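Dear colleague,

I am handing over the structure below, together with a short account of what was found in it. Please read the account with the coordinates open beside you.

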Amino acid sequence: MDKTRSYMHTKKPTKPRKYFAFLFAIVIACMFTLLSLLQTNYAGAQFRYGSTDEQTLLHPVDLTDHVRVLCWVMTTPANHETKARHVKQTWGRRCNKLLLMSSSEDAKVGTIALAGVGEGRQSLWNKTREAFRYVYEQHVNEYDWFLKADDDTYVIMENLRFFLYPYSPELPIFFGSKFRYPEYVSQGYFSGGAGYVLSREALKRFAERALNNTETCSTAYDTEDLEMGRCMESVNVTAGDSRDLMGRKRFLPMEPLFHLTTNPAEDPDFWYKHYSFYEPFYGRNCCSDLAISFHYIQGLQMYVMDYLIYSLHPYGVYFRNPALPPKKSWDEALVVPGPYPLPSSTSTTTTTTTTTTEATTTTEQSETNAQSESSTTLDITQAIDALNDVSIEQSQIDHVVDRLLENNVFLEKMLEKLKSHNKSMS
């Protein structure tokens with residue numbers, strides 16, 4: 001009897017670990033249930049023939065009148081027939097307004113002769129300045145956004161409008177494929193070949209405040225896209241981030257073949273890797289599913305792009321259009337992530353002190369790992385929230401599902417995070 005009483009007094013209270021384990025099991029079960037339900041039917045993805053849940057398809061909205069885009073295309077007399085004409089007959093038809101800017105008028109193609117401009121690379125910046133001046137003087141109040149493209153740029157206008165939808169044209173912002181040249185433009189600049197798009201307010205600031213200020217918007221240089229970036233920065237126009245939720249680019253400065261098949265290990269010193277403001281991806285995951293533009297699409301290749309995008313449909317495979325994103329506030333729109341850290345060294349770099357180089361490599365590698373870990377942790381946190389908070393936005397759930405389906409490493413890290421989360425609770 002005394003032994004029993006003594007045992008009862010000395011027995012420690014049972015910790016509720018089994019309840020946490022039970023909760024953990026429920027969370028894991030919910031996660032895999034979510035995956036099984038959404039694996040073949042999540043926003044912005046394909047699902048296979050045989051699905052009876054047709055009501056879940058989000059019907060696309062025609063944004064042509066909601067996001068009005070004027071497109072102006074830089075061309076030259078030598079390219080009127082071989083390039084500009086094909087732009088006009090393919091993607092250019094989907095602009096609210098298309099202008100073909102040249103140094104000479106061509107009634108057959110419909111080009112506009114810009115006053116006082118020449119041809120050649122040395123004239124690109126001057127042509128760009130005069131083209132935007134013309135657009136401002138003739139059309140600034142008629143459209144919301146103003147896209148500049150080359151005559152070998154291909155643009156998916158529907159994806160451009162979808163991307164721009166949450167942004168007010170009264171915001172001082174522009175978008176494109178962002179490059180870096182911090183010694184000249186601290187916030188980065190946009191590739192001319194991939195195209196870039198200005199809000200109405202951005203165009204006003206360029207035309208009214210930057211265009212005639214030769215100190216901050218010089219006419220002495222010929223690098224069009226870099227000079228445009230410097231001019232816009234001088235009048236506080238933000239160089240926005242157009243990547244998707246997975247960090248994949250929407251404006252692509254090369255042809256699809258390059259982005260899909262390039263092996264960066266074969267040429268670690270290739271300029272694109274070092275000039276890109278954000279980390280470039282290659283292979284199947286190179287580009288956003290809702291990519292906006294590609295460069296170096298020559299002449300008749302425009303029709304191939306048109307066919308593949310708008311006419312070719314594999315039987316039994318459908319695309320679920322994502323819902324329109326909510327409108328962004330001023331603060332949300334103008335907060336832009338910084339550049340990704342460049343590799344510590346290349347084969348052409350000459351090192352003077354091995355110790356210094358190793359120290360720099362270690363530091364930069366740590367920063368890279370920290371940034372990657374931070375991004376992964378944020379995504380995992382969103383995943384946990386998505387499983388436990390019914391108020392979380394659908395777009396966040398979709399992003400998490402995308403990551404889980406495409407990346408086993410991400411799934412493993414998420415499980416580790418859940419385990420540590422469970423331990424901290426117990």
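**A surface patch and a pocket**

Leu-312 is partly exposed, because its relative accessible area of 41% falls between the 20% under which a residue counts as buried and the 50% over which it counts as exposed. Please keep in mind that this is a predicted model. Leu-312 sits in the loop that runs between helix 10 (301-310) and strand 13 (317-319), and on the surface it belongs to a nonpolar patch whose other members are Val-304, Tyr-307, Leu-308 and Ile-309, with about 420 Å² of accessible area for the five together.

As for the protein chain as a whole, its secondary structure comprises 14 helices and 13 strands, and 45% of its 426 residues are buried. Of the contacts with a separation of 6 or more, 78% join residues that are 24 or more positions apart. The chain exposes about 22,700 Å², of which carbon and sulfur atoms supply 53%.

You may also wish to look at the second largest pocket, for which the computed volume is about 750 Å³. Its lining is made up of 30 residues, and those that lie nearest the centre of the pocket are Arg-121, Leu-124, Asp-150, Glu-224 and His-295. Two or more lining residues come from each of helix 4 (124-139), strand 8 (178-181), helix 7 (224-234) and helix 9 (271-275), with helix 7 giving the largest share, namely three residues.

With kind regards

Conventions:
Residues are numbered from 1 along each chain as its sequence is written. This is a predicted model: local features need pLDDT of at least 70, side-chain atom pairs count only at pLDDT 80 or more; totals for chains, interfaces and linings use all residues. Side-chain values use heavy atoms; hydrogens and water are left out. Helices (H or I, at least four residues) and strands (E, at least two) are DSSP runs, numbered from the N terminus. Buried means under 20% relative accessible area, exposed over 50%, partly exposed in between (1.4 Å probe, protein chains only). Contact means heavy atoms within 4.5 Å. Accessible areas come from the Shrake-Rupley method with a 1.4 Å probe; for residues, only the protein chains shown count as cover. Patches are made of residues with over 30% relative accessible area and no salt bridge: like charges are joined within 9 Å, nonpolar side chains (Val, Leu, Ile, Met, Phe, Trp, Tyr) within 5 Å. A salt bridge is a side-chain nitrogen of Lys or Arg within 4 Å of a carboxyl oxygen of Asp or Glu. On a 1 Å grid over the protein atoms alone, a cavity is a set of points where a 1.4 Å probe fits but cannot get out, and a pocket is an open set with protein on both sides within 12 Å along at least five of seven lines; lining residues have an atom within 4 Å of a point. Grid points are joined across faces, edges and corners, and a volume is the space filled by probe spheres set on the points.
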